[in-house]
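When a description calls a residue buried, or an atom a donor, a careful reader may ask on what grounds. The exchange below takes up such terms one at a time.

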Amino acid sequence: MEDCTFSCGYHIPAGTHLMVNAWKIHRDGDVWEDPQDFKPQRFLTTHKHVDVRGQNFELVPFSSGRRACPGASLALRVVHLTLARLLQSFEIDSPSDEAVDMTESFGLTNLKATPLQVLLTPRLHPKLYEL
Ligand code: HEM
């Protein structure tokens, strides 16, 4: 390992424990319009060429480079499958009429400030839920 100095002026001494702040990168107002808003349609329009696998540094959910997530391909499939099965199999509701509190808490990973309470009601034939 050796010291590293970038042309923009950052100097990183050898042995530094460096953590990438993906939360901040993913909310960069120079890249993302209304960065705090959940707008998945931006990936069909203004940012349709942005890839999640570490080639476009403005979006790095699986990191990038040699230590990027080796489970990315599996994860991209499993997330779709799990979400689809959940939506197909259950009515999803909240126990109260109040809007879900989406406030975030501070931490290394992105946690909700208040626990999510959900009511799941099976919507398919009971036989389909047998193990
Ligand atoms: C949506 C799901 C997932 C996300 C967002 C994700 C994200 C990440 C990120 C950002 C890193 C880099 C961490 C760092 O820089 O220190 C990472 C590393 C890693 N991920 Fe994932 N991951 C996911 C699912 C998975 C799955 C399904 C597997 C395995 C089956 C997996 C296995 C790993 C391993 C082994 C590493 C460490 C790689 C290394 O240090 O060389 N991940 N993941």
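The questions that follow concern a predicted model, and each answer sets a value against the criterion behind the word.

Q: What makes C69 a donor to the iron atom of the ligand?
A: The SG atom of C69 lies 2.2 Å from the iron atom, and because a donor is an N, O or S atom within 2.8 Å of such a metal, this sulfur atom qualifies. The iron atom has a single donor from the protein, namely C69, although water is not among the atoms and the site may therefore look incomplete.

Q: Where in the chain is C69 found, and what does UniProt list for C69?
A: C69 belongs to the loop that connects helix 1 (22-25) with helix 2 (72-89). An unreviewed UniProt entry lists C69 under "binding site", an annotation that may be inferred rather than shown by experiment.

Q: Why is C69 called partly exposed?
A: The relative accessibility of C69 is 35%, and since buried means under 20% and exposed means over 50%, C69 falls in between and counts as partly exposed. The area is computed on protein chains only, so the ligand plays no part in this value.

Q: Which residues surround the ligand, and how do they divide by character?
A: The surrounding residues are P61, F62, S63, R67, C69, P70, G71, L74 and A75, each with a heavy atom within 4 Å of the ligand. The shell divides into six nonpolar residues, two polar residues and one charged residue, with Gly counted as polar and Cys as nonpolar.

Q: What makes the approach of R67 to the ligand a polar contact?
A: A polar side-chain atom of R67 is 2.7 Å from an oxygen atom of the ligand, and because the limit for a pair of N or O atoms is 3.5 Å, the pair meets the criterion.

Q: Why is H47 called buried or exposed, and which polar contacts does the side chain of H47 make?
A: H47 has a relative accessible area of 13%, which is under the 20% limit, and H47 is therefore called buried. This residue also lies in the loop between helix 1 and helix 2. A polar atom of the H47 side chain is 3.0 Å from the backbone oxygen of V31, and the side chain of H47 makes a further polar contact, at 2.9 Å, with the side chain of T46. The pair with T46 can count although the two are neighbours, because for residues adjacent in sequence both atoms must be side-chain atoms, as they are here.

Q: What makes the phi values of D34 and S63 worth pointing out?
A: Most residues other than glycine have a negative phi. D34, which is not a glycine, has a positive phi of about 45 degrees, and S63, likewise a residue other than glycine, has a phi near 65 degrees. D34 is found in the loop between helix 1 and helix 2, as is S63. With relative accessible areas of 34% for D34 and 36% for S63, both fall between the limits of 20% and 50% and are therefore called partly exposed.

Q: Why are Q55 and Q117 called exposed, and how far apart are they?
A: Their relative accessible areas are 62% for Q55 and 56% for Q117, and because exposed means over 50%, both qualify. Q55 sits in the loop between helix 1 and helix 2, whereas Q117 sits in the loop between strand 5 (111-112) and strand 6 (119-122). The two are 62 residues apart in sequence and 37 Å apart in space, C-alpha to C-alpha.

Q: How do you know what confidence the predictor assigns to the chain?
A: The chain averages a pLDDT of 94, and 100% of the residues score at least 70, while the model scores ipTM 0.98 and pTM 0.85.

Technical notes
Residues are numbered from 1 along each chain as its sequence is written. This is a predicted model: local features need pLDDT of at least 70, side-chain atom pairs count only at pLDDT 80 or more; totals for chains, interfaces and linings use all residues. Side-chain values use heavy atoms; hydrogens and water are left out. Donors are N, O and S atoms within 2.8 Å of the metal (3.2 Å for Na, K and Ca); water is not among the atoms, so sites may look incomplete. Helices (H or I, at least four residues) and strands (E, at least two) are DSSP runs, numbered from the N terminus. A polar contact is a pair of N or O atoms within 3.5 Å; within protein, one must be able to donate a hydrogen and the other to accept it, and residues adjacent in sequence count only if both atoms are side-chain atoms. pLDDT is the predictor's confidence in each residue, from 0 to 100. Buried means under 20% relative accessible area, exposed over 50%, partly exposed in between (1.4 Å probe, protein chains only).
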